[in-house]
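Q: I should like to learn how to read the features of a structure, step by step. May we work through one together?

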Amino acid sequence: MSDCLFCKFVTGEIQPDKVYEDDDLFAFRDINPQAPTHILVIPKRHIATLNELEPGDQALLGKLTLAAQKIAKDEGIDGSGYRLVLNCNSDAGQSVFHIHMHLLGGRGMSWPPG
Ligand code: 5GP
Ligand code: ZN
């Protein structure tokens, strides 16, 4: 989508602090980190919200989770722990409408989330 910020990261039109890329996925550091490690992992394909996911996206979501697991290891937070978050629409606070998995770690976190 031409007016989507995260699609511009994927094409290279805008270059974020990239930490990972493969054929299907792209990951970069959040510009407003909420933890010492705060990375966003996204599919390269534009999907606006979790509501647009289809049965054919099962493998893509599995890859997204495994990429987050690998990045957590690379960041050295696999042992201490981390949180993966996918926000959908307004009640969850979604602000960028290209799905993204937040990888948060490097500090203790409370539950339930705010
Ligand atoms: P959401 O609230 O939609 O779940 O998360 C969107 C995230 O994108 C936020 O954590 C926000 O800080 C991050 N973000 C928004 N604009 C930019 C940007 O231009 N660059 C980077 N690296 N992250 C961004
Ligand atoms: Zn997009």
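Q: In which element is V10 found?
A: One begins by placing a residue in its secondary structure. In this predicted model, V10 is found in helix α1, which covers residues 5-11.

Q: Which residues is V10 in contact with, leaving aside its neighbours within four places in sequence?
A: Contact here means heavy atoms within 4.5 Å. By that rule, and with those sequence neighbours set aside, V10 is in contact with F26, I42 and K44. A separation in sequence can also be set beside a distance in space: V10 and P43 are 33 residues apart in sequence, and their C-alpha atoms are 9.0 Å apart.

Q: What is the volume of the largest pocket, and how many residues line it?
A: A pocket may be described by its volume and by its lining. The largest pocket has a volume of about 660 Å³. Its lining consists of 29 residues, and those nearest the centre are D30, Q34, H38, N87 and H102.

Q: Which element gives the most to the lining of the largest pocket?
A: Helix α1 gives the most, with three residues. At least two lining residues come from each of α1, β2 (25-29), β3 (37-43), β4 (82-85) and β5 (101-105).

Q: How many residues of each class does the lining of the largest pocket have?
A: The lining comprises 14 nonpolar, ten polar and five charged residues.

Q: Where is Q94 found, and why does Q94 count as buried or exposed?
A: Q94 is found in the loop between α3 (89-92) and β5. The label depends on relative accessibility, and buried means under 20%. Q94 counts as buried because its relative accessibility is 7%.

Q: Which backbone atoms does the side chain of Q94 reach?
A: Polar contacts are read as pairs of atoms with a distance. The side chain of Q94 reaches the backbone nitrogen of N89 at 2.8 Å and the backbone oxygen of V96 at 3.0 Å. Not counting residues up to four places away in sequence, Q94 touches A48, T49, N87, C88 and N89.

Q: Which residues come nearest to ligand 1?
A: For a ligand, one lists the surrounding residues before looking at individual atoms. There are 16 residues around ligand 1, of which D30, N87, S95, H100 and H102 come nearest.

Q: Where do backbone N or O atoms lie with respect to ligand 1?
A: Such an atom of I31 lies 3.3 Å from a nitrogen atom of the ligand. For oxygen atoms of ligand 1, the distance is 2.9 Å from a backbone N or O atom of G93 and 2.6 Å from one of S95.

Key
Residues are numbered from 1 along each chain as its sequence is written. Chains are lettered from A and ligands numbered from 1 in the order in which they are written. This is a predicted model: local features need pLDDT of at least 70, side-chain atom pairs count only at pLDDT 80 or more; totals for chains, interfaces and linings use all residues. Side-chain values use heavy atoms; hydrogens and water are left out. Helices (H or I, at least four residues) and strands (E, at least two) are DSSP runs, numbered from the N terminus. On a 1 Å grid over the protein atoms alone, a cavity is a set of points where a 1.4 Å probe fits but cannot get out, and a pocket is an open set with protein on both sides within 12 Å along at least five of seven lines; lining residues have an atom within 4 Å of a point. Grid points are joined across faces, edges and corners, and a volume is the space filled by probe spheres set on the points. Ala, Val, Leu, Ile, Met, Phe, Trp, Tyr, Cys and Pro count as nonpolar, Asp, Glu, Lys and Arg as charged, and the others, Gly among them, as polar. Buried means under 20% relative accessible area, exposed over 50%, partly exposed in between (1.4 Å probe, protein chains only). A polar contact is a pair of N or O atoms within 3.5 Å; within protein, one must be able to donate a hydrogen and the other to accept it, and residues adjacent in sequence count only if both atoms are side-chain atoms. A residue is near a molecule or strand if one of its heavy atoms lies within 4 Å of it.
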